[in-house]
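Trainee: I'd like to practise reading a structure. Can we go through one together, bit by bit?

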Amino acid sequence: MIELEGVPELIDPVMVAAFEGWNDAGDAASTAVAHLDREWKGEVFAALDAEDYYDFQVNRPTVFLDNGVRKITWPTTRLSVVRVGGDKPRDLVLVRGIEPSMRWRSFCNELLAFAHELGVEMVVILGALLGDTPHTRPVPVSGVTSDPDLARTMDLEETRYEGPTGIVGILQEACTHAGVPAVSLWAAVPHYVSQPPNPKATLALLNRLEDLIGLRIPLGELPEDARAWQVGVDQLAAEDSEVAEYVQTLEEARDTAELPEASGEAIAREFERYLRRREPGTGPGPGVATEGGDSPFLRDPGSGRTRPPKPEQPGPESVPGTESVPEAESEAEAGAEPEADADAEVDAPEGGSVPDGGTTGENPPGKSPSGENPPGENPSGSEGPSDGRPDAGGPDGEEPENGEGPGDSSGK
């Protein structure tokens with residue numbers, strides 16, 4: 001591990017990780033972590049040695065000019081810290097990179113060593129898979145864990161998946177064996193529109209993460225981007241009668257499967273989220289890093305393989321507020337059950353089922369327009385491999401029997 005800068009004492013830290021490649025359909029997961037890093041002004045404090053984990057013929061370095069000087073960016077995984085302000089501040093350790101080409105066990109051990117040294121209380125890994133889900137409905141997001149106690153206390157699914165896996169599944173199991181609570185959040189991306197970006201899936205992951213860790217996440221322009229994305233896909237689908245008919249079939253199956261969920265608990269959950277986002281004084285604070293010379297963060301010295309000092313362990317601990325809605329307030333005061341938010345399909349609430357009887361966030365058996373099953377793993381089993389490219393190869397460079405499958409995003 002190459003230490004880039006010192007790390008201050010952290011408050012109730014949670015590690016949030018995402019990796020480009022097999023487990024990142026539509027780039028939804030990696031974009032979510034990049035959004036957190038950008039909105040909270042994270043500062044990189046460490047990076048893994050690219051020589052140890054990456055095949056540069058698969059993930060090639062890039063050359064760029066910096067004030068006329070040629071420099072090289074190597075594919076790797078970087079860690080940054082952001083501090084979320086408010087009445088109860090806490091820190092997030094953001095891990096963003098590319099699925100490694102080799103030495104996965106050593107890769108996970110490096111990340112777990114940092115989690116231990118930083119006093120991380122929980123690891124949340126974001127992923128995205130291809131699924132039989134219509135783009136016109138809220139994006140299904142499932143939360144899974146290998147820890148039965150964590151599944152029970154946090155209302156998560158306990159993984160039952162068996163089959164090929166990606167780095168998300170390996171890291172989750174490594175956390176479980178190391179005694180570190182770990183959760184995977186999976187967003188299901190429509191397989192017929194898998195090209196990145198997919199801001200609607202990114203938004204759904206952030207909404208679920210917000211509920212899981214109890215932090216208010218600034219969404220910036222993501223809601224508007226998600227609406228624009230859906231309008232664009234609507235227009236494309238309308239131009240092809242076969243696709244339009246297929247989407248309608250998915251909608252009918254989804255609506256039928258979700259009929260019991262369309263009342264009571266789902267509406268109450270959405271209304272609670274709406275109220276949380278309107279609470280004053282809960283806005284995020286700036287990132288811990290500063291640009292001044294006296295910052296606790298120092299730039300990469302370019303050498304040395306050390307680990308950060310272990311800080312003293314401190315004691316224990318959705319989106320920008322929307323405009324006031326007098327009707328909603330009057331309903332709440334009167335004790336009436338509010339109607340579902342009109343933007344629910346953009347905010348992508350937790351829960352919901354996919355067609356053909358699959359559970360939330362799963363990739364059930366179903367036919368794509370071409371008659372082939374879409375690639376992807378079952379998130380209820382903690383894996384959901386896909387990089388959002390239907391023609392990509394399978395894991396370990398092998399081509400799946402059906403000719404389709406997720407593959408590494410080598411162009412990143």
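Mentor: Sure, and one term comes up straight away: buried means under 20% relative accessible area, exposed means over 50%, and partly exposed is in between, using a 1.4 Å probe and protein chains only. Helices (H or I, at least four residues) and strands (E, at least two) are DSSP runs, numbered from the N terminus. This is a predicted model, where local features need pLDDT of at least 70 and side-chain atom pairs count only at pLDDT 80 or more, while totals for chains, interfaces and linings use all residues. Residues are numbered from 1 along each chain as its sequence is written, and side-chain values use heavy atoms, leaving out hydrogens and water.

Trainee: How many of the 12 residues of H1 are buried?

Mentor: H1 covers residues 28-39. Among its buried residues are Ala28, Val33, Leu36 and Asp37. The helix is largely enclosed by the rest of the structure, because the buried count is 9 of the 12.

Trainee: Which helices do the buried residues of H1 pack against?

Mentor: Contact here means heavy atoms within 4.5 Å. Strands are on the list too, including E2 (14-20) and E8 (122-131). The helices are H6 (199-213) and H7 (222-238).

Trainee: Asp37 has no salt bridge, so which side chain of opposite charge is nearest, and how far away is it?

Mentor: A salt bridge needs a side-chain nitrogen of Lys or Arg within 4 Å of a carboxyl oxygen of Asp or Glu. For charge, Lys and Arg count as positive and Asp and Glu as negative, with His and the chain ends not counted. Asp37 sits in helix H1 and is buried. The nearest opposite charge is on Arg96, at 4.3 Å.

Trainee: What kind of aromatic pair do Phe19 and Phe107 form?

Mentor: Rings of Phe, Tyr and Trp (its six-membered ring) pair if their centres lie within 6.5 Å; planes under 30 degrees apart are stacked, over 60 edge-to-face, and the rest tilted. The whole structure has 5 aromatic pairs. In this one, the centres are 5.8 Å apart with 65° between the planes, which makes the pair edge-to-face.

Trainee: How many residues apart are Phe19 and Phe107?

Mentor: Phe19 lies in strand E2 and Phe107 in helix H3 (residues 104-118). Phe19 is buried at 1% relative accessible area, and Phe107 is buried at 0%. Their pair links distant parts of the chain, and the separation is 88 residues.

Trainee: Which residue joins Phe19 and Phe107 in a cluster?

Mentor: Ring pairs do the linking here. Along with Phe19 and Phe107, the cluster holds Tyr53.

How values were computed. The expected span of a helix is 1.5 Å times one less than its number of residues.
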